[in-house]
Amino acid sequence: MRGFLLLFRRDLQQRWMLFVASLAMGIFIAAIPLLKGSHLSPAELRGAAGLTAALIWCAVLAILLGGSIFTRDLTENRLAFDFRLPVRPSAIWAARLLAAIVTIAFSAGLLLAPSALFGMDFSGAAAGLDV
């Protein structure tokens with residue numbers, strides 16, 4: 001269990017820039033109502049922009065993280081080091097996959113947090129999405 005937690009924490013620490021980028025996007029989205037030219041209320045505008053950006057950002061992160069969980073470590077020969085640790089291979093796989101899932105979820109939360117602090121309306125945002 002200790003090896004799993006170490007690998008999990010290491011993977012999350014390597015992705016700290018994604019968290020900073022998510023928060024920066026969230027601050028920008030919270031400031032969108034300050035721009036002129038919209039007939040929507042600020043809460044609806046934050047909700048629509050936040051929901052759209054969060055969905056797109058999660059999809060992009062899922063594609064990028066899904067394709068790069070092991071490729072970078074394989075090219076830099078770090079994966080061989082992980083398998084030499086006294087950790088079961090299933091724990092290595094689980095730590096990597098769980099770190100990717102937590103990264104995506106936490107990034108979406110950071111993206112939506114500033115708008116939620118200023119007030120956002122998901123019902124008005126989702127009402128315009130007649131799919």
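The paragraphs below go through the confidence of a predicted model, one helix pair and a handful of individual residues.

This is a predicted model, so some ground rules apply: local features need pLDDT of at least 70, side-chain atom pairs count only at pLDDT 80 or more, and totals for chains, interfaces and linings use all residues. Residues are numbered from 1 along each chain as its sequence is written, and side-chain values use heavy atoms, with hydrogens and water left out.

Confidence comes first. The chain averages a pLDDT of 84, and 90% of the residues score at least 70, where pLDDT is the predictor's confidence in each residue, from 0 to 100. Among the elements of the chain, helix α2 (residues 16-30) has the highest mean pLDDT, 94, while helix α7 (residues 122-127) sits at the bottom with 63. Where pLDDT is low, the predicted coordinates should not be read in detail. Helices here are DSSP runs (H or I, at least four residues), as strands are (E, at least two), numbered from the N terminus.

Next, the helix pair. Two packed helices are described by the angle between their axes and the distance between the axes. For helix α1 (residues 2-14) and helix α6 (residues 89-118), the axes come within 8 Å and cross at roughly 40°. Those axes are lines fitted to C-alpha atoms, for helices over the stretch in contact, with angles running from 0 to 180 degrees between N-to-C directions. The crossing of α1 past α6 is right-handed, that is, the near helix is turned clockwise from the far one by less than a right angle. On the α1 side, F4, L7, F8, R10, D11 and L12 make the contact (heavy atoms within 4.5 Å). Their partners in α6 are A91, I92, A94, A95, R96, L98, A99, V102 and T103. By type, the residues of this contact split into 11 nonpolar, 1 polar and 3 charged; Ala, Val, Leu, Ile, Met, Phe, Trp, Tyr, Cys and Pro count as nonpolar, Asp, Glu, Lys and Arg as charged, and the others, Gly among them, as polar.

S90 also belongs to α6. Although S90 and F4 are 86 residues apart in sequence, their C-alpha atoms are 9.3 Å apart in space. S90 counts as partly exposed because its relative accessible area is 44%, given that buried means under 20%, exposed over 50% and partly exposed in between (1.4 Å probe, protein chains only). I101, another residue found in α6, is exposed at 55%. C58 lies 43 residues from I101 in sequence and 9.9 Å from it, C-alpha to C-alpha.

Helix α3 (residues 42-68) is home to R46, which is buried, with a relative accessible area of 11%. The R46 side chain reaches the backbone oxygen of A30 at 3.3 Å. Leaving aside residues up to four places away in sequence, R46 touches I29, A30, P33, S115, F118, G119 and M120. A49 is in α3 too, and it counts as buried because its relative accessibility is 19%. With the sequence neighbours up to four places away again set aside, A49 touches I29 and I32. A49 and L85 are 36 residues apart in sequence but 44 Å apart in space, C-alpha to C-alpha.

Finally, A21 is found in α2 and is partly exposed, at 29%. A21 and L111 are 90 residues apart in sequence, with 8.6 Å between their C-alpha atoms.

Terms used
Polar contact = N/O pair within 3.5 Å; in protein donor to acceptor, adjacent residues only side chain to side chain.
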